[in-house]
Amino acid sequence: MADVRLEGITKRFGSLTVIPDLHLTVPDGSFTVLVGPSGCGKSTLLRIISGLENPSSGRIAIGGKDVTKTEPSQRGISMVFQSYALYPHMTVAQNIDFGLRLAKTPTVEREARVAEAARILALDDYLDRKPAQLSGGQRQRVAIGRSIVRKPEVFLFDEPLSNLDAALRTQMRVELAQLHQSIDATMIYVTHDQVEAMTLADRIVVMNKGRIEQVGAPMDLYDRPETVFVAGFIGSPK
Ligand code: ADP
Ligand code: MG
């Protein structure tokens with residue numbers, strides 16, 4: 001587990017400033033949900049934390065170590081996206097194992113990690129199947145399995161459930177909460193869905209136009225919104 005500190009993060013695309021001077025500490029082991037309307041800069045912020053995007057200025061520290069200039073693969077982070085591309089010709093086990101194989105992890109350890117991920121995600125009975133033989137929820141679990149086996153200290157999720165239907169989304173929310181209980185990791189989870197934020201988070205960060213409006217426990221935000229924006233956003237789920 002590791003905390004994530006963002007100090008004075010600014011991001012510009014040409015003349016457009018998407019994030020102006022953002023400061024945020026995500027506590028070790030928390031399930032922190034970053035919520036805000038479409039286009040407010042959530043994905044950009046995750047991409048900056050993961051190293052897929054460089055900030056225009058500012059610093060990022062993970063577990064007290066400055067990683068602003070560190071390669072994405074060396075940050076101890078794993079990112080789960082909304083569109084999960086599994087390899088169609090590989091089995092579930094091979095898909096989960098893929099990153100470990102690339103990293104030349106010893107075979108015995110790879111097998112143990114894949115088995116552990118399959119147990120956590122209830123995929124034991126599906127390891128020999130191909131992605132086409134799985135439901136949408138099972139495929140998303142395989143995508144999460146590929147992250148788990150790498151034992152990241154920090155998980156980043158960018159709207160991972162938005163392609164799933166409502167019933168499956170509800171089920172996956174429960175599973176993600178259980179996942180957080182069963183592995184020691186800090187989770188930063190992006191969504192534009194207020195209900196998802198309220199049910200998953202132990203801590204919510206409300207973003208608007210690249211700025212943080214308020215940070216707090218779900219019920220804090222609900223009971224004591226500090227801005228009209230937060231009151232409207234958290235108070236009236238769609
Ligand atoms: P969110 O994930 O909250 O919907 P994004 O982080 O994707 O928002 O985008 C925030 C803003 O930055 C939007 O106005 C978007 O158009 C802009 N943006 C994101 N990526 C780029 C890019 N590569 N080039 C130019 N503008 C971008
Ligand atoms: Mg986004």
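In which helix is the place of Tyr222? Before I answer, please keep in mind that what we are looking at is a predicted model. Tyr222 sits in helix 7, which runs over residues 218-223. As for its surroundings, Tyr222 has 16 other C-beta atoms within 10 Å, and because a residue counts as buried only from 20 such atoms upwards and as exposed at 12 or fewer, Tyr222 is partly exposed. If we set aside its neighbours within four places in sequence, Tyr222 is in contact with Ile234 and Gly235. Thr107 lies 115 residues away from Tyr222 along the chain, and the C-alpha atoms of these two residues are separated by 49 Å.

Let me turn now to helix 4, residues 136-148. In this helix 10 of the 13 residues are buried, so helix 4 is largely enclosed by the rest of the structure. Among the buried residues are Arg139, Val142, Ile144 and Ile148, and the elements that cover the buried residues of helix 4 include strand 6, helix 2, helix 3, strand 7 and helix 5. We can also check its length: at 1.5 Å a residue, helix 4 should span 18 Å, and its end C-alpha atoms are 19 Å apart, which agrees.

Finally, I would like to look at the ligand. Ligand 1 is surrounded by residues that include Phe13, Val18, Gly36 and the run Ser38, Gly39, Cys40, Gly41, Lys42, Ser43 and Thr44. Helix 1, residues 42-50, gives the largest share of this shell, namely three residues. Sorted by class, the shell around ligand 1 holds three nonpolar, six polar and one charged residues.

Definitions and conventions
Residues numbered from 1 in each chain as written. Chains lettered and ligands numbered in written order. Predicted model: local features only at pLDDT ≥ 70, side-chain atom pairs only at ≥ 80, totals over all residues. Near = placed C-beta within 6 Å. Helix = DSSP H or I, 4+ residues; strand = E, 2+ residues; numbered from the N terminus. Nonpolar A, V, L, I, M, F, W, Y, C, P; charged D, E, K, R; others polar. Expected span 1.5 Å × (residues − 1). Contact = placed C-beta atoms within 7 Å.
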